[in-house]
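Please open the model in the viewer and keep the selection panel at hand. The tour below proceeds from the whole chain to single residues.

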Amino acid sequence: MVLVVAVVWAVRKDPPTVPEQRPIAESLPLVEQVTGAVVAAADAPDRTVEIGALTFDQHCSITPVRGGVEAIRDVVVRVRDDQIPGALESVAAALPGQYRAEVQHNAGNTRFALHADAGDFVGIDASVEGTATAITLEVSTGCRPRSSGVDYAPAPVVPPASEVPAAFLGALKALGAEQKYTVTEATCPSGRTARTFTAEGIKVSGDPGWALGDVAGGEVVIRADPHEWAYRVKEVSLVVTEGDGVARVSATVGCR
C-alpha cells in the first residue's frame with residue numbers, strides 16, 4: 001500500500017524527468033522566451049540577425065512505436081570573415097547565466113559548436129565551420145507528446161504599418177519590389193518585441209548590389225558577397241540574398 005501511494009504521489013506531483021513527459025504546449029512559452037534571449041545575445045553592431053518562424057517537426061519519434069512533435073526556432077547571425085569563434089563566444093557570454101552556455105571546437109580549430117540548456121529540456125545549439133559567414137542558433141524542445149489546441153501552422157504576424165523599418169522599405173524600393181512581406185517576432189528579455197520582416201520572390205536583373213548602393217552606402221556593411229549583402233542601418237539588420245535572378249530581403253529590428 002505504501003508503494004502504491006508513493007507511485008501515485010510521484011505521478012501527480014513530481015516534475016518531469018524527461019522531455020517525453022511534458023506535452024508540446026507546455027514548452028512553447030519557454031521557446032518564445034528563449035528565442036528572445038538568443039536574439040538579445042546575438043544582436044550586435046558588427047553582426048546582423050534574422051528571427052525564424054516557429055516550426056514543428058511532426059514526424060519525430062518519442063519511442064520506436066510512439067510519434068511526437070518537436071518545436072524549433074532559428075536565429076541566423078551573419079558575421080564578417082574570421083569572426084565565427086569570437087561571435088559564438090560573445091553570444092554564449094551574453095546568454096543568461098543559468099543557461100550554462102558553452103562553446104567547443106575540434107582539435108584543428110576548424111569547427112565550432114555552442115550548446116546551452118535553458119531548462120525544462122529546451123536547448124540552444126549551433127554547429128558551424130570556422131570559415132563560415134553565418135551561424136544558425138537553433139532553439140528546440142526535443143520530441144514531445146502532441147497537445148490538442150496547438151496551431152501547428154500559425155498564421156503570419158501583421159504588425160502596424162508604422163512599425164515597418166524605413167530601411168526595409170528603402171531596400172524594396174531600390175530593387176523595384178512590391179511592399180509585400182511576412183513577419184516573425186520574439187519577445188526580448190526587456191519586454192520589447194523584436195521583429196524580422198521578409199520579402200521573397202523578388203525578380204531582379206543585373207547585380208542587386210548596384211541597386212542597393214544608394215541605400216547601403218555609408219552604413220555598417222557586414223557582408224558584400226556576389227549573391228549576399230548584409231548591412232546595418234543603426235539598430236536594423238538588413239540581409240539581401242539573390243540566386244537565379246530572384247532575391248530575398250529581410251530586415252530585423254532586434255532587442256537593442
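For the charges discussed here, Lys and Arg count as positive and Asp and Glu as negative, while His and the chain ends are not counted. On that basis, select the charged residues of this predicted model: the chain has 22 positive and 32 negative charges, and their mean positions are 5 Å apart.

**The whole chain**

Next, display the full chain as a cartoon. The cartoon should show 5 helices and 13 strands. Viewed along its principal axes, the C-alpha trace spans about 80 × 45 × 35 Å. Switching to a surface view shows an accessible area of about 13,200 Å², with 54% of that area belonging to carbon and sulfur atoms. Of the 256 residues, 43% are buried. Among contacts with a separation of 6 or more, 63% join residues that are 24 or more positions apart.

**Confidence**

Colour the chain by pLDDT. The mean is 90, and 92% of the residues reach 70 or more. Now select residues 1–17, where pLDDT stays under 50 and the model has 5 contacts beyond four places in sequence. Where pLDDT is low, the predicted coordinates should not be read in detail.

**The largest nonpolar core**

Select Val 34, Leu 88, Leu 114, Ile 124, Ile 135 and Leu 137: these residues have the most contacts inside the largest nonpolar core, a set of 37 residues. Which elements each supply at least two residues of this core? They are helices H2 (24–42) and H3 (84–94), together with strands E1 (48–51), E3 (66–78), E5 (111–117), E6 (123–129) and E7 (134–140). Helix H2 gives the most, with 8 residues.

Centre the view on Ile 124. Beyond its neighbours within four places in sequence, Ile 124 is in contact with Val 34, Val 38, Leu 95, Tyr 99, Leu 114, His 115, Ala 116, Glu 138 and Val 139.

Another core, of 24 residues, lies apart from the largest one; to find it, select Ala 171, Leu 212, Ala 216 and Ala 247, which are among its members.

**Val 49**

Finally, select Val 49, which lies in strand E1. Is Val 49 buried or exposed? Val 49 counts as buried because its relative accessible area is 1%, and buried means under 20%. Not counting residues up to four places away in sequence, Val 49 touches Ala 42, Asp 43, Val 76, Val 77, Ser 237 and Thr 252. As a last step, mark the distance from Val 49 to Thr 196: the two residues are 147 apart along the chain, yet their C-alpha atoms are separated by 8.6 Å.

Note on methods: Residues numbered from 1 in each chain as written. Predicted model: local features only at pLDDT ≥ 70, side-chain atom pairs only at ≥ 80, totals over all residues. Heavy atoms only, no water. Helix = DSSP H or I, 4+ residues; strand = E, 2+ residues; numbered from the N terminus. Buried < 20%, exposed > 50% of the residue type's maximum accessible area, 1.4 Å probe, protein only. Contact = heavy atoms within 4.5 Å. Areas by Shrake-Rupley, 256 points an atom, 1.4 Å probe, with all protein chains shown as cover. Charge placed at Lys NZ, Arg CZ, Asp CG, Glu CD. pLDDT = per-residue confidence, 0-100. Core = buried A, V, L, I, M, F, W, Y, C linked by side-chain atoms within 4.5 Å.
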